[in-house]
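User: I am new to this structure and would like a close look at how its helices pack against each other, and at what surrounds those contacts. Could you walk me through it in one connected answer?

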Amino acid sequence: MDKKLKIFNGKILTPGRILSNGTVVVIDGMIREITKDNVTVPGAVEIDARGNYISPGFIDMHVHGGAGHDFMDATETAFLETAQLHAKYGTTSMLPTTLTASKEKLFDVLAAYDMANEKNKRGAQFLGMHIEGPYLAMNQKGAQDPRFIRDPDPAEYKEIISRSNNIRRWSAAPELKGALEFGRYLKSKNILASVAHTDAVYEEVLKAFENGYSHITHFYSAMSGVTRVECTRYAGVIESGYLIDDMTVEIIADGVHLPEPLLKLVHKIKGVEKTALITDAMRAAGTSVRESFLGDRENGIRVIIEDDVAKLPDRSCFAGSVATADRLVRTMIKLAGLSLPDAVRMITSTPAAIVGVTDRKGLLMPGKDADILIFDENITIQTTIIKGEIVYSRNDAN
Ligand SMILES: [Zn+2]
């Protein structure tokens with residue numbers, strides 16, 4: 001028999017408006033119908049939203065871990081438990097993200113992805129891997145391990161890409177030797193090329209854009225702004241992100257990485273459709289530890305957790321966030337002053353479009369996957385539904 005859900009008595013965030021007392025009908029994991037009234041659905045499991053919001057599930061296109069795990073642990077458990085942790089906070093799909101590492105290590109992580117992906121029934125779905133590094137600018141390494149930072153090597157990246165069907169995105173510094181060729185190669189393989197950990201100037205970013213790089217990784221973090229060489233000023237990656245209209249960006253909207261005026265500035269210039277919210281969460285997300293490490297268990301860099309963020313022990317820079325997706329939306333509403341529907345779009349339809357999954361995800365519409373959240377005004381997640389299965393319910397958790 002068809003498995004049916006009826007979700008009713010909530011404010012449904014549809015692409016165009018809020019339906020205040022409508023019904024979402026789910027059949028076999030897909031949204032079948034959205035009505036503006038409370039309709040009868042014979043044979044359905046009924047979910048009363050009790051006046052809360054009914055929203056598309058959140059899509060986190062840049063996340064490293066959580067619940068004590070990092071994807072660099074390269075284990076099935078790390079993937080599955082991180083996915084489950086983030087599902088509790090509203091993430092229904094994600095791009096598990098690597099850190100700068102050796103080629104062999106990346107192979108291990110990709111293998112763990114494949115194993116975990118098949119078994120991932122209770123967590124945020126995996127939309128493909130995001131490879132962050134190792135082709136980064138040393139000067140903008142942030143918390144990436146300098147021992148593994150290197151220039152793009154065609155033999156290496158072609159081998160990595162040929163070994164996996166599941167690389168969806170790659171972050172690299174476009175000013176490195178061979179980086180433009182790399183961008184074209186990624187584009188030819190339908191992999192999102194993203195500008196990251198970079199000291200590029202405007203002319204280089206424009207070239208990068210023309211060679212396939214269409215997105216900017218954690219905007220403002222580990223990248224150049226205006227620089228001056230003797231008397232001459234150069235626009236950096238930040239200015240380029242603003243100037244090149246079709247370039248998309250993502251921001252770690254945990255309320256710590258970017259202060260209120262910068263959140264407002266990004267929103268003002270790039271807007272809701274070009275700016276995705278990301279957690280960039282590391283291992284300590286969803287835990288209460290004060291010390292942790294960034295990266296895998298053997299090579300990880302020690303970090304401290306304070307002020308709701310991970311930092312290098314000398315406090316010279318942040319080392320990833322401990323945010324979950326609900327916090328990003330809350331931050332955009334409370335700190336940056338966005339409306340709730342706009343904040344939600346920045347982590348649903350916007351990342352879906354950037355990642356290229358709008359045909360299935362990011363919107364509450366008939367024909368899309370039934371990745372659905374119920375949350376209150378404070379973005380406290382009440383229920384998480386992934387492909388028509390209830391994977392988290394706050395009532396059960398209490
Ligand atoms: Zn990252």
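Analyst: Let's begin with one term. A crossing of two helices is called right-handed if the near helix is turned clockwise from the far one by less than a right angle, and left-handed if the turn is anticlockwise. Please also keep in mind that this is a predicted model.

With that term in hand, start at helix H1, residues 76-88, and helix H2, residues 103-119. Their axes lie 8 Å apart, and the helices pack at an angle of about 55°. Angles under 35 degrees count as roughly parallel and those from 65 to 115 as roughly perpendicular, so H1 is oblique to H2. The crossing of these two helices is right-handed.

Which residues make this contact? From H1 come Glu76, Phe79 and Leu80, and from H2 come Val109, Ala112, Tyr113, Met115, Ala116 and Lys119. Sorted by class, seven of the residues in the contact of H1 with H2 are nonpolar, two are charged and none is polar.

Now go on to another pair of helices, H3 (154-163) and H4 (residues 179-188). The axes of H3 and H4 come within 11 Å and cross at roughly 15°. An angle under 35 degrees counts as roughly parallel, and therefore H3 and H4 are roughly parallel to each other. Here, too, the crossing is right-handed. On the H3 side the contact is made by Pro154, Tyr157, Lys158 and Ile161, and on the H4 side by Glu181, Phe182, Tyr185 and Leu186. By class, the contact of H3 with H4 holds six nonpolar residues, two charged ones and no polar ones.

Some of these side chains also take part in aromatic pairs, so let's look at the rings. The model has 15 aromatic pairs. In one of them, the rings of tyrosine 135 and phenylalanine 182 have their centres 5.3 Å apart. Their planes stand at 90°, and planes over 60 degrees apart count as edge-to-face, so this pair is edge-to-face. The pair links distant parts of the chain: tyrosine 135 sits in the loop between S11 and H3, phenylalanine 182 belongs to helix H4, and the two are 47 residues apart. Tyrosine 135 and phenylalanine 182 are both buried.

Phenylalanine 182 forms an aromatic pair with tyrosine 157 as well; this pair is tilted, with 4.4 Å from centre to centre and 45° between the planes. It, too, links distant parts of the chain, since tyrosine 157 lies in helix H3 and phenylalanine 182 in helix H4, 25 residues apart. Tyrosine 157 is buried, as phenylalanine 182 is. Ring pairs go on to connect Tyr135, Tyr157, Trp170, Phe182 and Tyr185 into a cluster.

The loop that carries tyrosine 135 has another feature to look for. Proline 134 is placed in the loop between strand S11 (129-132) and helix H3. The bond joining glycine 133 to proline 134 is a cis peptide bond, with omega at about 0°.

Next to consider is alanine 193, which is part of strand S13, residues 192-195. Is alanine 193 buried or exposed? Its relative accessibility is 1%, and anything under 20% counts as buried, so alanine 193 is buried. Leaving out residues up to four places away in sequence, alanine 193 touches Trp170, Leu186, Gly212, Tyr213, Ser214 and His215. Two of these names have come up before: Trp170 belongs to the ring cluster, and Leu186 is part of the contact of H3 with H4. The C-alpha atom of alanine 193 is separated by 8.7 Å from that of isoleucine 216, 23 residues apart along the chain.

To finish, here are two loop residues that show an unusual backbone angle for comparison. Aspartate 307 is not a glycine, yet has a positive phi of about 55°; its place is in the loop between strand S20 (301-306) and strand S21 (309-311). Isoleucine 379, in the loop between strand S23 (372-375) and strand S24 (381-386), likewise has a positive phi, of about 60°, although it is not a glycine. Aspartate 307 is exposed, with a relative accessible area of 54%, whereas isoleucine 379 counts as buried at 0% relative accessibility.

Conventions
Residues numbered from 1 in each chain as written. Predicted model: local features only at pLDDT ≥ 70, side-chain atom pairs only at ≥ 80, totals over all residues. Heavy atoms only, no water. Axes fitted to C-alpha atoms, helices over the stretch in contact; angles between N-to-C directions. Helix = DSSP H or I, 4+ residues; strand = E, 2+ residues; numbered from the N terminus. Parallel < 35°, antiparallel > 145°, perpendicular 65-115°, else oblique. Contact = heavy atoms within 4.5 Å. Nonpolar A, V, L, I, M, F, W, Y, C, P; charged D, E, K, R; others polar. Buried < 20%, exposed > 50% of the residue type's maximum accessible area, 1.4 Å probe, protein only. Phe/Tyr/Trp six-rings, centres within 6.5 Å; stacked < 30°, edge-to-face > 60°.
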